[in-house]
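Please look over the sequence and the 3D structure below. A short report follows them.

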Amino acid sequence: ASGAPDPLLDGLNPPQAQAVSTRSPALLIVAGAGSGKTRVLTHRIAQLIRNREAWPSQILAITFTNKAAAEMRERVEGLLGSAAEGMWISTFHSACVRILRREAERFGYVSGFTIYDSADSRALLKRIIKDLEADSYGFTPANASSKISRLKNELSDADSYAATANANDPRERLFIEIFRSYEQELRRANAFDFDDLIGQTVHLFRTFPEVAAVYQRRFRFLLVDEYQDTNHAQYSLIRELTRPVERDVVERLVPPVRERELDGLGCIPAASLTVVGDSDQSIYAFRGADIRNIVEFERDFPGAEVVKLEQNYRSTQNILSAANAVIGNNLDRQDKSLWTSEGDGPQIVGFTGYSQHDEARFVAEEIEDLHRSGLAYGDVAVFYRTNSQTRALEELLIRAAIPYRVLGGTKFYERAEIKDAMAYLTSLANPYDPIAWSRLIGAPKRGIGPMAEAQLANYAEAMGISFHDAMLRAGELSFGPKVRAAIESLGQLLQRAARMAAGGGATDDSETRKQPAPVADVLKLILDETQMIEKLRAKRDPQDEARAENLEELVSVAKEYDVQHPGVGLLEFLTEVSLVAAVDELDDESGTVSLMTMHTAKGLEFPAVFITGVEEGLLPHQMSVDEIGGISEERRLMYVGITRARKQLYLTLASTRAQFGDVQVAMPSRFLQEIPESLIDWRQSPGEVTGRGGTESRALNAPRSGARPSRGGAGRGVESSVSFGSGSGSGGYGRGGSGAAAVSEPASGNMQSALEQW
Ligand code: ATP
Ligand code: MG
C-alpha cells in the first residue's frame with residue numbers, strides 16, 4: 001500500500017514492517033532475541049483493529065505469562081488510543097479456562113470446577129499411591145505427577161498410554177492404575193489439573209465439532225508469542241482453532257452464518273495464524289516444548305510466509321557478541337547472529353567471589369554504584385539458575401538496604417496458611433472437591449480425625465451428595481457427640497458462607513437474589529469464624545505472626561479484587577488466583593531490584609542484568625549433564641539470560657559454594673569459556689581466586705577453610721578437588737574447549753521436574 005505513511009509502521013525496519021502488514025494466512029516470524037518479535041505482534045494487532053479488518057473480539061493473542069498479556073494489551077490500546085474491549089490476549093491456560101468455563105458441562109463437568117495446582121495434584125496422587133501401595137514400587141507423588149504431566153502434554157490419557165505400554169511390566173501396570181485412578185478422582189472432584197486445561201480443551205474441540213466451530217468462527221486472527229516453547233498439546237490447540245468450518249457444521253451454527261463469512265465452497269475459512277519464536281530460546285523441553293513445532297511449521301501450514309528479523313534493538317554489541325559466541329556452540333541450530341547499530345557499549349563485567357556470600361556482596365555493591373550513578377533499582381535484575389541461590393543474595397541486599405523482590409520462589413499462594421484459607425473458598429465454589437475439603441477439615445484442627453473424615457467421604461459418595469451436605473447430615477452417622485458437633489458446626493459455616501458467596505444473603509429468601517457478596521466479606525466470615533488468625537497470633541511465634549500477616553494480606557488481595565471487579569464473585573477470583581504465574585508478581589513500580597530464575601526472565605528486558613552462579617554444576621546444572629540434549633538446553637538458557645540485558649551485563653560466580661549443607665569447590669562454567677576474553681572485564685577472575693585453593697578471606701559468613709566437595713566422588717563424575725559438575729577437571733580457569741563438548745541431540749527429559757524435587 002502506498003500513500004500516507006502508516007504511523008503503526010513508523011520506526012519499524014523493513015522486515016518488521018513486512019511482518020506487520022502481510023496478510024498471508026499463515027505467518028512465521030523467526031528471529032533472535034530482542035529483534036522486535038513481540039513488538040511486531042503488537043503492531044500487527046493494532047493495525048488489524050484500526051483498519052477494521054477485525055473486531056477486537058475476533059483476535060486471540062497468546063503470550064507466555066499473564067504479565068506479558070497485560071503488557072501487550074496496554075501497548076495495543078496505547079497504539080490505538082482507545083480500549084479494545086473483547087480482545088482475548090492471554091496465556092494458553094487462561095484462554096482454555098475461559099472456554100472450559102463455558103463448555104465443560106458438555107462432558108460432565110460443572111462450570112464451577114476447581115483448578116488443581118501442582119501441590120493439589122500431588123496431594124491427590126499421594127492418596128492414590130498409598131491406596132494402591134505403589135510406594136514400594138518406587139512411586140512418589142512427585143515422580144508420578146511429572147510422568148503424568150508429560151503424558152498429558154503429549155495428549156495421552158491412561159487408556160491410550162495403556163495401549164502402548166508394556167503389559168508384562170508390573171511397574172508399568174501399576175503406573176497405569178495410578179494414572180487411571182488419578183483421572184477418575186479428578187473427574188469426581190470436578191477438578192482439572194493444569195495440563196488438563198489445555199488437553200481437555202483440545203479434547204472438547206475434537207469431540208464436539210460444533211463447539212470448535214464457535215471458536216473457529218469467532219477468532220479470525222490467532223497470534224502466538226514465544227512459539228518455540230509450545231508443547232504438543234498447545235500446538236494441537238492451535239491446530240484445532242485454525243481449521244476451516246466445514247459446510248455441514250456451518251449449517252448448524254447459531255447465530256446463522258452470513259454469506260460474507262463463507263468461502264466459495266460454503267465453508268468458513270481457517271483463521272489467519274501468526275507465530276513468532278526463536279528456537280535458540282527454547283527452554284521448556286522439560287515441559288514438553290518441542291522445537292519441531294517451529295521447524296515443521298511450513299509443512300503444517302502450507303503456503304506459510306516466513307519473515308526473518310535480524311537487527312537487535314535491545315542490547316549493546318558486546319552483549320550480543322557474548323550471546324552469539326555462547327549459542328554458537330550449539331550444533332543443532334540454524335546459524336544466525338545478533339547485531340545492533342547502537343555500538344559496543346561497556347565491557348561485560350566479570351567477578352569471582354570466594355564464596356556465594358562474597359559474590360552476593362559484589363552484586364549488592366555494584367547495584368549501589370549503579371543506583372548512585374542514576375539507575376533506578378527497577379532497572380536492575382539478578383538472575384540465578386535455582387531458587388536455592390536466593391538466600392545469600394537476599395541477605396546481602398537486606399544488609400545493603402536495597403529494595404528487592406523475588407519473583408517465583410515460594411509463592412504467596414503456595415504458603416500453607418494461604419492454601420488453608422483458599423481451600424475454604426475453593427470448597428464453596430466446588431463442594432465436591434475432596435482435596436479442598438480434606439484440607440479445610442484440619443485447618444485449624446477441630447477434632448475431626450481421619451476416621452471421621454473417611455466416614456463422611458464414603459457417605460457423601462454413597463448418597464451422591466456434596467461433602468457439605470454430608471456434614472450437615474452427620475446425625476445420620478454414628479459419631480460421638482463432640483465429633484458430631486464439630487462436623488455440624490463446620491457444615492453450617494460452609495453453608496452460610498456458600499449462600500453469601502452465591503448472593504443469597506444471610507436469610508434464605510430466594511426471591512430477593514442479590515449480587516454475590518464481595519470475596520473479601522466471604523473470606524472474613526471464614527477467618528473470623530474459624531479464628532485462624534487469632535490462633536496463629538496466640539502462639540507468639542514470629543513465624544506464626546508472619547503467617548497471620550499473610551492471611552491479612554490475602555484479605556487485602558481479595559478487597560483489591562472486589563474493587564477492580566465489582567459483583568463478579570468467587571469463581572472468577574479463584575480462577576484468577578490459580579492462573580497467576582510467577583512473573584505476574586512483577587509490578588510496574590520501578591523501585592525494586594528484581595530477583596528471578598532465568599526461566600522466569602524470558603521475554604523481559606532490563607538495563608542492567610546480573611547472571612549469578614555461572615559455574616559448572618549450576619549453569620549448566622548438574623542434572624543436565626547426563627541428559628540427552630541437556631547441555632544444549634542449558635546453553636539456550638544462558639543465551640536467554642544474556643540477551644535480557646540492555647546496557648550492562650554482569651557475570652558472577654563463586655569459587656566455593658555451600659550446597660546441601662556442605663561447602664564445595666566450584667568451577668567456572670564452560671559457558672564462560674565460550675565468551676571471547678576481550679569482551680569481559682574481570683574485576684576478579686576465577687584464576688585469582690582458585691589460586692588460593694578456595695579458602696575464604698573476605699566473605700561474610702565465611703565457611704571454614706579447606707572446603708571439601710561433599711558426597712566425595714559419589715554420583716556423576718565428581719572429582720575430588722574440583723567441581724561438582726562433570727567438567728573438564730583441569731583446575732583453574734581453563735582455556736580452550738571444555739572437556740564436555742556441546743551436544744546436539746534433540747532436547748528432552750525431565751530435568752526440571754527432577755530439580756523441583758530437590
Ligand atoms: P525476545 O526474544 O527477548 O522476546 P523480542 O524479539 O520479542 O525479544 P522485543 O521485546 O519486541 O523483542 O523488542 C526488544 C526491544 O527493542 C524492545 O525494547 C523494543 O521496544 C525495541 N525495538 C524493537 N524494534 C524496534 C525498532 N524498530 N526501533 C526501535 N526499537 C525497537
Ligand atoms: Mg518477545
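This report covers the annotated domain, the ligand shell, the sheet and two helices.

## Model and annotated domain

This is a predicted model. UniProt, in an unreviewed entry, lists residues 10-316 as "domain: UvrD-like helicase ATP-binding". The C-alpha atoms at the two ends of residues 10-316 lie 23 Å apart. Helix makes up 48% of that span, and strand 11%.

## Around ligand 1

Ligand 1 is surrounded by 19 residues. The closest are Gly36, Lys37, Thr38, Arg39 and Tyr313. Helix 2 (residues 37-50) gives the largest share of the shell, three residues.

What is the make-up of the shell around ligand 1 by class? Ten residues are polar, five are charged and four are nonpolar.

## The open sheet

Strands of a sheet pair through backbone hydrogen bonds, in either a parallel or an antiparallel sense. Here the pairing is parallel. Six strands form an open sheet, in the order 3-2-6-7-1-8. Strand 3 (88-90) and strand 8 (305-309) are the edges, and each pairs on one side only. From one strand to the next, the twist averages 10°.

Take the pairing of strand 1 (residues 26-31) with strand 8. These two strands run parallel and share five bridges. At one position, Val30 stands opposite Lys308 of strand 8.

## Helix 6

Helix 6 (residues 141-153) has 13 residues. From first C-alpha to last, helix 6 reaches 18 Å. That is close to the 18 Å expected at 1.5 Å a residue. After helix 6 comes Leu155, with a positive phi near 65°.

Which residues of helix 6 are buried? They are Pro141, Ala144, Ser145, Ser146, Ile148, Ser149 and Lys152. An α-helix has 3.6 residues a turn, so residues three or four places apart point the same way. Keep that in mind when viewing the buried set of helix 6, which includes Ala144, Ile148 and Lys152.

## Pro450

Pro450 lies in helix 20 (residues 450-463). Why does Pro450 count as exposed? Pro450 has 10 C-beta neighbours inside 10 Å. A residue is exposed if it has 12 or fewer, so Pro450 falls in that class.

Pro450 can also be placed relative to Ser438. The two are twelve residues apart in sequence. In space, the C-alpha atoms of Pro450 and Ser438 are 9.3 Å apart.

Notes. Residues numbered from 1 in each chain as written. Chains lettered and ligands numbered in written order. Predicted model: local features only at pLDDT ≥ 70, side-chain atom pairs only at ≥ 80, totals over all residues. Near = placed C-beta within 6 Å. Helix = DSSP H or I, 4+ residues; strand = E, 2+ residues; numbered from the N terminus. Nonpolar A, V, L, I, M, F, W, Y, C, P; charged D, E, K, R; others polar. UniProt positions renumbered as here; feature names shortened; annotations may be inferred. Pairing = 2+ DSSP bridges. Axes fitted to C-alpha atoms, helices over the stretch in contact; angles between N-to-C directions. Expected span 1.5 Å × (residues − 1). Buried ≥ 20, exposed ≤ 12 C-beta atoms within 10 Å, placed from the backbone.
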